[in-house]
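Trainee: Please take one part of this model and look at it closely for me, following its connections outward until I can see how it sits among the rest.

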Amino acid sequence: MKRIAVYPGSFDPVTYGHLDIIKRSLVLFDQVIIAVLRNTMKKSLFTAQERYDMLREVTSTLPNVQIEVFGGLLVDYMKDKSAIAIIRGLRAVSDFEHEFQMALVNKKLDSKVETLFMMTSERYLYLSSSMVKEIVTFKGNALNFVPPYVSKKLEEKLNLN
Ligand code: PNS
């Protein structure tokens with residue numbers, strides 16, 4: 001039986017931090033489904049389709065990765081995909097409280113659901129999609145944080161070229 005994990009998120013947009021977690025998850029699971037949340041609570045810069053397209057592009061060389069847009073409850077989606085674990089990246093302690101809460105809520109909703117936290121690699125400790133958006137808004141160089149394709153999309157979206 002295939003060991004499937006789901007890596008859910010807003011991915012607004014995908015960063016090198018996300019890609020690091022995706023690559024490391026692929027060592028542990030037979031298949032990783034990257035699940036892009038359709039309507040995020042936070043207002044997103046990119047549409048779900050745009051976020052999906054960027055993920056498609058930057059993971060095109062990775063094997064066993066599938067990208068989907070999802071809505072509704074994550075635990076229902078997990079069941080639908082027969083996935084055994086939710087993957088979440090953890091950066092600083094500041095992430096912990098919210099992540100812990102989500103993991104416990106998901107466990108309460110479905111006791112079979114496991115959440116696996118992966119420590120971010122040290123070099124991405126400070127990195128977040130919001131930070132990247134801010135950098136590009138103020139015409140900074142984001143190429144250390146996101147792939148060139150994503151950087152170009154950010155510049156287009158923010159009308160910087
Ligand atoms: O990248 P993000 O914005 O931190 O990801 C948050 C995400 C997508 C994991 C979370 O909002 C989520 O799972 N939403 C789906 C709705 C749901 O299941 N909510 C209850 C558990 S928190």
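Mentor: Leu 104 lies in helix H4, which runs over residues 93–109, and in this predicted model it belongs to a nonpolar patch on the surface, shared with Val 93, Phe 96 and Phe 100, whose accessible area together is about 420 Å². A residue of that helix with another setting is Glu 99, which is buried because its relative accessible area is 7%, under the 20% cut-off. The side chain of Glu 99 meets that of Arg 88 in a salt bridge of 2.8 Å, N to O. Since Glu 99 lies in helix H4 and Arg 88 in strand S4 (residues 85–90), the pair ties together parts that are 11 residues apart in sequence.

A buried charge in a salt bridge brings me to the part I would look at closely, Lys 133, which is placed in helix H5 (residues 129–137). With a relative accessible area of 18%, Lys 133 counts as buried because the limit is 20%. Its side chain and that of Asp 12 meet in a salt bridge with an N to O distance of 2.8 Å. This pair links distant parts of the chain, for Lys 133 is in helix H5 while Asp 12 is in the loop between strand S1 (4–9) and H1, and 121 residues separate the two. Asp 12 is buried as well as Lys 133. If neighbours within four places in sequence are left aside, the contacts of Lys 133 are Asp 12, Pro 13, Leu 45, Leu 154 and Leu 158. Ser 60, by contrast, is 73 residues from Lys 133 in sequence and 23 Å from it in space, C-alpha to C-alpha.

The helix around Lys 133 repays the same attention. Its buried residues are Ser 129, Val 132, Lys 133 and Val 136, and they line one face of H5, because they fall within an arc of 100° when seen down the axis. The general background is that an α-helix has 3.6 residues a turn, so residues three or four places apart point the same way. What covers the buried residues of H5 includes H1 and H6, and just after the end of H5, Lys 139 takes a positive phi of about 60°.

Helix H6 (148–157) can be read in the same manner. The buried residues of H6 are Val 150, Ser 151 and Leu 154, and Leu 154 is among the contacts of Lys 133. Seen down the axis, the buried residues of H6 fall within an arc of 100°, so they line one face of that helix, and they pack against H2 and H5. Also within the span of H6, Lys 152, Lys 153 and Glu 156 are linked in a network of salt bridges. Just after H6, Asn 159 takes a positive phi of about 50°.

From H6 the path leads on to helix H2 (residues 48–58), where Ala 48, Arg 51, Tyr 52, Met 54, Leu 55 and Val 58 are the buried residues. These cover an arc of only 160° around the axis, which puts them on the same side of H2. They pack against helix H1 (16–28), strand S2 (31–37), strand S3 (65–70) and helix H6.

Helix H1, one of the elements covering H5, holds Ser 25, which counts as buried because its relative accessibility is 0%. Not counting residues up to four places away in sequence, Ser 25 touches Val 32, Ile 87 and Met 118.

Strand S3, against which H2 packs, has a salt bridge to set beside that of Lys 133. The structure holds nine salt bridges, and in one of them the side chains of Lys 81 and Glu 68 meet at 3.0 Å, N to O. Because Lys 81 lies in helix H3 (residues 74–81) and Glu 68 in strand S3, this pair ties together parts that are 13 residues apart in sequence. Glu 68 counts as buried, at 17% relative accessibility.

Aromatic rings complete the picture, with four pairs counted. The ring centres of Tyr 7 and Phe 11 are 5.3 Å apart and their planes stand at 80°, so this pair is edge-to-face. Tyr 7 is buried at a relative accessible area of 5%, and Phe 11 is buried at 3%. For Phe 70 and Tyr 77 the centres are 5.1 Å apart and the planes at 40°, so that pair is tilted, and both of these residues are buried.

Methods. Residues are numbered from 1 along each chain as its sequence is written. This is a predicted model: local features need pLDDT of at least 70, side-chain atom pairs count only at pLDDT 80 or more; totals for chains, interfaces and linings use all residues. Side-chain values use heavy atoms; hydrogens and water are left out. Helices (H or I, at least four residues) and strands (E, at least two) are DSSP runs, numbered from the N terminus. Buried means under 20% relative accessible area, exposed over 50%, partly exposed in between (1.4 Å probe, protein chains only). Contact means heavy atoms within 4.5 Å. The arc is that of the directions from the helix axis to the C-beta atoms. Patches are made of residues with over 30% relative accessible area and no salt bridge: like charges are joined within 9 Å, nonpolar side chains (Val, Leu, Ile, Met, Phe, Trp, Tyr) within 5 Å. Accessible areas come from the Shrake-Rupley method with a 1.4 Å probe; for residues, only the protein chains shown count as cover. A salt bridge is a side-chain nitrogen of Lys or Arg within 4 Å of a carboxyl oxygen of Asp or Glu. Rings of Phe, Tyr and Trp (its six-membered ring) pair if their centres lie within 6.5 Å; planes under 30 degrees apart count as stacked, over 60 as edge-to-face and the rest as tilted.
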